[in-house]
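Open the model in a viewer and keep the selection tool at hand. The stops below say what to select and what is there.

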Amino acid sequence: MSCNCKAAAAEELIEGARKGSTQGIAVRGIMKDRERKLQVQEPEGPAIEIIDVVKVYKLYDRARDRVKEALGLGRRQVHKLHYALNGVSLEIHKGETVGIIGTNGSGKSTILKIITGVLNPTSGRVQVAGRISALLELGAGFNMEYNGIENVYLNGTMMGFSDKEIAEKLPEILEFADIGDYVYQPVKTYSSGMFVRLAFAVAINIEPEILIVDEALSVGDVFFQAKCYHKFEEFKKQGRTIVFVSHDLSIISKYCDRVFLLNRGNLLGEGSPKDMIDAYKRVLVGQYEIQEPAENAPEKETGQDPENRPAPGVNPDVQEYGTKQAEIVDYYIVDERNVRAMAILKGSYFTLHMRVKFREHVPAPIFAFSFKDAMGTEITGTNTMIEKAYLETGEPGQVKDITFRQKMSLQGGEYLLSLGVTGYNGDNFEVYHRLYDVMDVTVVSDKDTVGYYDMESEVTVADVALI
């Protein structure tokens with residue numbers, strides 16, 4: 001089956017655009033609409049600039065109310081306004097890998113659709129410099145009746161490639177997708193995993209200057225995900241721009257240079273992956289406070305009483321939040337000799353101590369700790385609920401000393417310790433006190449293996465007699 005034959009579907013749509021067929025008009029409309037909405041900047045500008053973008057939807061309680069208002073039959077306004085985006089401004093530089101995080105309904109997918117031209121903003125401007133390839137939703141841009149190769153040509157044509165250019169890229173696309181003979185079957189017969197393989201293979205192999213991805217990788221299997229993230233790394237080395245939405249915070253932490261945090265259509269902040277992930281966790285429990293501008297913030301005292309200075313390795317500017325119904329009042333680590341320490345020898349045992357004071361009745365407190373690397377990726381951690389170690393209540397005035405004893409199996413390096421006291425009050429999850437990055441713990445090692453921790457392999461090599 002020749003590639004030229006498979007281009008017939010795309011040619012038919014382009015010809016239809018000239019003659020006025022429904023699908024052809026749609027393709028022509030998409031291409032012109034993108035040219036109209038996305039104002040391409042000069043090369044020296046940012047890759048993407050979003051200026052005070054607002055996206056408003058009208059919500060109706062009943063479908064008939066929408067019809068009445070459209071026909072002007074009602075005497076009063078029956079719709080409610082929903083701001084999917086509310087005056088969002090952000091700038092993405094060329095060569096950056098940027099993540100957008102937030103709770104469901106925060107506007108993440110909406111802003112990606114506006115960047116790619118799928119949606120029009122209600123107000124505001126979007127400027128894009130460079131050819132975009134987007135993977136927003138399964139099925140977007142695919143004709144379910146066409147087979148895989150026909151859809152490759154269809155998508156490639158819509159992105160502005162000639163049949164010759166698509167034919168040259170086809171082997172790489174099919175190799176990356178790796179769906180075998182299914183490529184000759186209608187895509188409506190594909191599983192979701194096969195679908196995302198082909199869609200991502202098309203999006204990432206047409207050499208875009210800007211790649212936009214919205215949660216699509218969560219569908220593929222682990223081997224395909226690894227292949228995609230390897231491609232991300234190649235793109236970063238080539239200086240291309242990547243913007244993606246993901247609920248996988250470890251991926252955000254690993255690949256992103258900067259992160260934007262959205263909530264209910266508002267941009268709460270931008271910054272390093274570590275800082276924005278910490279802020280996102282506060283949003284999840286409804287305890288995020290908007291920071292004051294630097295000029296309005298109270299000045300910190302520069303002088304410190306020597307007796308009140310934090311111990312070496314203890315963070316003097318620790319981030320904390322919570323209701324304080326239960327409060328962490330002390331914490332430290334002791335090594336296997338029961339001596340307080342900030343450095344632990346790899347392979348040895350150590351004990352983490354956390355002292356908690358209860359100020360009110362707490363029905364079922366959960367005590368937790370975690371270790372993160374310098375980029376904010378959570379490496380390991382546990383809590384008393386997982387360990388089934390404490391299922392009692394906390395009463396006002398009580399003070400508990402919680403200890404976690406374990407073997408240090410992390411590789412040599414610097415790690416950040418975070419602590420927490422949480423729990424459930426009925427069906428509601430409560431955060432009583434959380435301390436982020438309270439201590440810098442050094443792991444001393446004379447043998448580091450690959451990855452985050454040592455599996456302590458026992459190796460044997462034996463001679464085998466050949467027969």
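Start by selecting Val356 and Lys400: Val356 stands opposite Lys400, which is in β16. This is a predicted model. Extend the selection to β13, residues 349–358, and β16; the two strands run antiparallel and are joined by nine bridges.

**The three-stranded sheet**

Now add β11 to the selection. The three strands form an open sheet in the order β11-β13-β16, with antiparallel pairing. β11 (326–334) and β16 (399–407) are the edges; each has a single partner strand, so one side of each has no neighbour in the sheet. Neighbouring strands here are turned by 20° against each other on average, with direction ignored.

Next, select Asp335 and Arg337. The two form a salt bridge, with the closest N and O atoms 3.1 Å apart. Buried or exposed: which word fits Arg337? Arg337 is exposed, because its relative accessible area is 63%. Asp335, by contrast, counts as buried at 14% relative accessibility.

**The hairpin of β14 and β15**

Select residues 365–372 for β14 and 378–383 for β15. These strands run antiparallel and are joined by five bridges. Within the pair, Phe371 stands opposite Thr380 of β15. Five residues lie between the two strands of the hairpin, and Gly376 takes a positive phi near 95°.

**Asp437 and its salt bridges**

Go to Asp437, in strand β18 (residues 428–444). Most residues other than glycine have a negative phi. Asp437 is not a glycine, yet has a positive phi of about 55°. Asp437 is also buried, with a relative accessible area of 5%.

Show the side chain of Lys274 as well. What joins the side chains of Asp437 and Lys274? They meet in a salt bridge, at 2.4 Å from N to O. Asp437 belongs to strand β18 and Lys274 to helix α11 (residues 273–284), so the pair ties together parts that are 163 residues apart in sequence. Lys274 counts as buried at 16% relative accessibility. Add Asp278 and Lys372 to the view: with Lys274 and Asp437 they are linked in a network of salt bridges.

A second residue to check for its phi is Glu456, in the segment after β18. Glu456 is not a glycine either, and has a positive phi of about 55°. At 41% relative accessibility, Glu456 counts as partly exposed.

**The six-stranded sheet**

Select β5, β6, β7, β3, β8 and β9. In that order they make an open sheet of six strands, with mixed pairing. The edge strands, β5 (132–135) and β9 (266–271), each pair on one side only. From one strand to the next, the twist averages 15°.

Inside this sheet, pick out β6 (residues 210–214) and β7 (residues 241–245), which pair in the parallel sense over five bridges. Leu211 stands opposite Ile242 of β7.

Then bring in the helices. Helix α5 (residues 108–116) lies across β3 (97–101), β5, β6, β7 and β8 (258–263), and runs at about 150° to β6. Helix α8 (residues 192–204) lies across β5 and β6, and its direction is at about 170° to β5.

**Glu145 and Lys188**

Select Glu145 and Lys188, whose side chains meet in a salt bridge (3.1 Å, N to O). Glu145 is in the loop between β5 and α6 (148–158), and Lys188 is in the loop between α7 (163–177) and α8, so the pair ties together parts 43 residues apart in sequence. Lys188 counts as partly exposed, at 49% relative accessibility.

**Tyr229**

Move to helix α9 (residues 222–237), where Tyr229 is found. Tyr229 counts as buried at 12% relative accessibility. Select Ile251 too: the two residues are 22 residues apart in sequence and 9.1 Å apart in space, C-alpha to C-alpha.

**A surface patch**

Switch to a surface view and select Val67, Leu71 and Leu73, which make a nonpolar surface patch of about 330 Å². Leu73 sits in the loop between α4 (63–71) and β2 (79–92), and is exposed, with a relative accessible area of 62%.

**The whole chain**

Finish by selecting everything. The protein chain has eleven helices and 18 strands. Of its 467 residues, 45% count as buried. The chain exposes about 25600 Å², of which carbon and sulfur atoms supply 50%.

Definitions and conventions:
Residues are numbered from 1 along each chain as its sequence is written. This is a predicted model: local features need pLDDT of at least 70, side-chain atom pairs count only at pLDDT 80 or more; totals for chains, interfaces and linings use all residues. Side-chain values use heavy atoms; hydrogens and water are left out. Patches are made of residues with over 30% relative accessible area and no salt bridge: like charges are joined within 9 Å, nonpolar side chains (Val, Leu, Ile, Met, Phe, Trp, Tyr) within 5 Å. Accessible areas come from the Shrake-Rupley method with a 1.4 Å probe; for residues, only the protein chains shown count as cover. A salt bridge is a side-chain nitrogen of Lys or Arg within 4 Å of a carboxyl oxygen of Asp or Glu. Helices (H or I, at least four residues) and strands (E, at least two) are DSSP runs, numbered from the N terminus. Buried means under 20% relative accessible area, exposed over 50%, partly exposed in between (1.4 Å probe, protein chains only). Two strands pair if DSSP finds at least two bridges between them. Axes are lines fitted to C-alpha atoms, for helices over the stretch in contact, and angles run from 0 to 180 degrees between N-to-C directions. Contact means heavy atoms within 4.5 Å.
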